[in-house]
Amino acid sequence: MNDKEKENYTEANRLSWNEAMSRHQKANGAKWDNAFSTPGFVALPLREQELLKSIGVSGKKIAHLCCNNGIELMSLKNMGADRCVGFDISDEAIKEACDRSAKAEIPCEFERTDVYKISKDHHGVFDIVYISIGCFGWMPDLKQFFEKVELLLNEEGTLFIHELHPFAEMLPSDDNEAADPLKIIEPYFKAEPYQDNSGIDYVGKTTYESRIQYWFVWTLSDIIMGIIENDMVIVHFREYAEDISALHEKNQAAGIKIPLSYTMISRKKGYNKTTQTDAGKPRD
Ligand SMILES: C[S@@+](CC[C@H](N)C(=O)[O-])C[C@H]1O[C@@H](n2cnc3c(N)ncnc32)[C@H](O)[C@@H]1O
């Protein structure tokens with residue numbers, strides 16, 4: 001795929017996300033505004049909070065790629081992070097994030113940009129690059145994505161990922177009402193993106209005739225090799241039978257323990273190993 005094609009996919013996705021954000025806000029905007037009016041509120045799942053504490057969030061400079069409406073980054077700030085910068089392609093998501101952080105007086109920075117085009121001014125700045133729930137699938141080029149992650153991290157930086165498991169991509173999502181939730185209906189290896197025009201309202205659970213959005217499928221080996229080939233070492237990887245996407249709740253409810261999400265922590269090779277207690281429990 002050439003650069004122009006990648007840009008075209010991302011531009012289509014930007015417009016789709018702009019279209020979706022008012023629906024997300026209608027469903028949950030007031031809830032988040034209210035939640036963040038409580039000092040120290042953290043919207044992250046417990047297991048994520050524990051892992052983040054083991055990395056040490058306090059005083060860290062954090063970049064959130066695909067930050068959407070900012071609630072995860074604001075949570076990281078409330079956990080004691082120093083500078084927090086969120087990057088997202090959607091104008092509407094960034095606007096919501098800026099408004100909410102200003103209203104709640106939780107100082108985070110938000111930039112509307114394509115991940116691939118994040119300014120060089122941010123290179124080598126961050127202690128942690130944070131990625132969660134539904135980021136990789138929007139990326140037309142995962143190799144280039146990890147190249148950018150490596151550039152954003154400082155010499156001893158850490159990459160934190162909490163994502164949808166690639167296995168779940170083979171199963172029907174909840175909006176496919178006719179399908180058996182445990183029957184594999186999609187390939188694991190897929191070069192071309194899925195195209196869909198039924199909207200992206202997994203928050204309010206409405207469907208609408210939307211602009212076409214493009215979703216890319218990446219395998220575990222794409223993810224692992226993207227990290228390995230970019231000067232990072234994986235120090236933690238764990239899979240879970242819980243859905244974190246709100247798209248595979250039926251797969252979870254079916255009661256068969258299948259991998260629906262995972263966490264992964266990677267370190268830049270320059271990370272000072274002498275201060276670590278063990279691979280999974282990095283220094284604070
Ligand atoms: C499902 S959200 C994930 C965010 C967050 N974890 C959440 O659950 O709200 C995906 C976000 O990725 C953003 N996005 C998609 N492609 C992007 C790109 N190339 N660069 C930056 N952001 C992008 C979208 O605008 C959207 O806000």
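Begin at the C-terminal side of helix α2 and select Gly-56, the residue that follows this helix and has a positive phi, near 95°. The model on display is a predicted one.

**Helix α2**

Extend the selection back to residues 46–55, which form helix α2. Seven of its 10 residues are buried, so the helix is largely enclosed by the rest of the structure. To see which ones, highlight Arg-47, Glu-48, Gln-49, Leu-51, Leu-52, Ser-54 and Ile-55. Next, display the elements that cover them, among them α3 (71–78), β4, β5, β8 and β9.

**The ligand site**

Move to the ligand and select its shell of 17 residues. Which of these residues come nearest to the ligand? They are Asn-68, Asp-88, Asp-114, Val-115 and Ser-132. Coloured by class, the shell divides into eight nonpolar, six polar and three charged residues.

Three polar contacts deserve a distance label. On Asn-68, a polar side-chain atom lies 2.8 Å from an oxygen atom of the ligand. On Glu-72, an N or O atom of the side chain is 3.1 Å from a ligand nitrogen. On Asp-114, a polar side-chain atom is placed 2.9 Å from a nitrogen atom of the ligand. With the surface switched on, consider how much of the ligand the protein buries. Taken alone, the ligand exposes 590 Å², and the protein buries 94% of that.

**Helix α1, from Thr-10 to Ala-20**

Keep Asp-114 selected and add Thr-10, which has Asp-114 among its contacts, together with Ile-89 and Pro-140, once neighbours within four places in sequence are left aside. Thr-10 belongs to helix α1 (residues 3–35). Its relative accessible area is 10%, under the 20% limit, and Thr-10 therefore counts as buried.

Continue along α1 to Ala-20. Is this residue buried or exposed? Ala-20 is buried, with a relative accessible area of 0%. Apart from neighbours within four places in sequence, Ala-20 is in contact with Ile-200 and Tyr-208. For a sense of scale, draw a line from the C-alpha atom of Ala-20 to that of Met-264: the two residues are 244 places apart along the chain, and the atoms are separated by 29 Å.

**Strand β8 at Phe-237**

From Met-264, step to Phe-237, which is in contact with it. Leu-220, Tyr-262 and Thr-263 are also in contact with Phe-237, again leaving aside neighbours within four places in sequence. Phe-237 lies in strand β8. With a relative accessible area of 33%, Phe-237 is partly exposed. Add Ser-266 to the view: it is 29 residues from Phe-237 in sequence, with a C-alpha to C-alpha distance of 9.0 Å.

**Helices α6 and α5**

Leu-220, just met as a contact of Phe-237, leads into helix α6 (residues 220–228), where Leu-220, Ile-223, Gly-226 and Ile-227 are buried. Turn the view to look down the axis of α6: the buried residues fall within an arc of 135°, so they line one face of the helix. Residues three or four places apart in an α-helix point the same way, because there are 3.6 residues a turn. The buried residues of α6 pack against α5 (142–152), β5 (153–164), β8 (232–240) and β9 (261–268).

Now select α5 itself, where Leu-142, Phe-145, Phe-146, Lys-148, Val-149, Glu-150 and Leu-152 are buried. Their cover includes β1 (62–65), β4 (126–132), β5, α6, β8 and β9. At the start of this helix, zoom in on Asp-141, whose side-chain oxygen reaches to within 3.1 Å of the backbone nitrogen of Lys-143.

**Two loop residues with positive phi**

The tour closes with two backbone angles. Most residues other than glycine have a negative phi. Where is Glu-105 placed? Glu-105 is in the loop between α4 (91–104) and β3 (109–112). Its phi is near 55°, a positive value in a residue other than glycine. At 69% relative accessibility, Glu-105 counts as exposed.

Finally, select Lys-205, in the loop between β6 (194–196) and β7 (213–215). Lys-205 is also a residue other than glycine with a positive phi, near 60°.

Technical notes. Residues are numbered from 1 along each chain as its sequence is written. This is a predicted model: local features need pLDDT of at least 70, side-chain atom pairs count only at pLDDT 80 or more; totals for chains, interfaces and linings use all residues. Side-chain values use heavy atoms; hydrogens and water are left out. Helices (H or I, at least four residues) and strands (E, at least two) are DSSP runs, numbered from the N terminus. Buried means under 20% relative accessible area, exposed over 50%, partly exposed in between (1.4 Å probe, protein chains only). Contact means heavy atoms within 4.5 Å. The arc is that of the directions from the helix axis to the C-beta atoms. A residue is near a molecule or strand if one of its heavy atoms lies within 4 Å of it. A polar contact is a pair of N or O atoms within 3.5 Å; within protein, one must be able to donate a hydrogen and the other to accept it, and residues adjacent in sequence count only if both atoms are side-chain atoms. Accessible areas come from the Shrake-Rupley method with a 1.4 Å probe; for residues, only the protein chains shown count as cover. Ala, Val, Leu, Ile, Met, Phe, Trp, Tyr, Cys and Pro count as nonpolar, Asp, Glu, Lys and Arg as charged, and the others, Gly among them, as polar.
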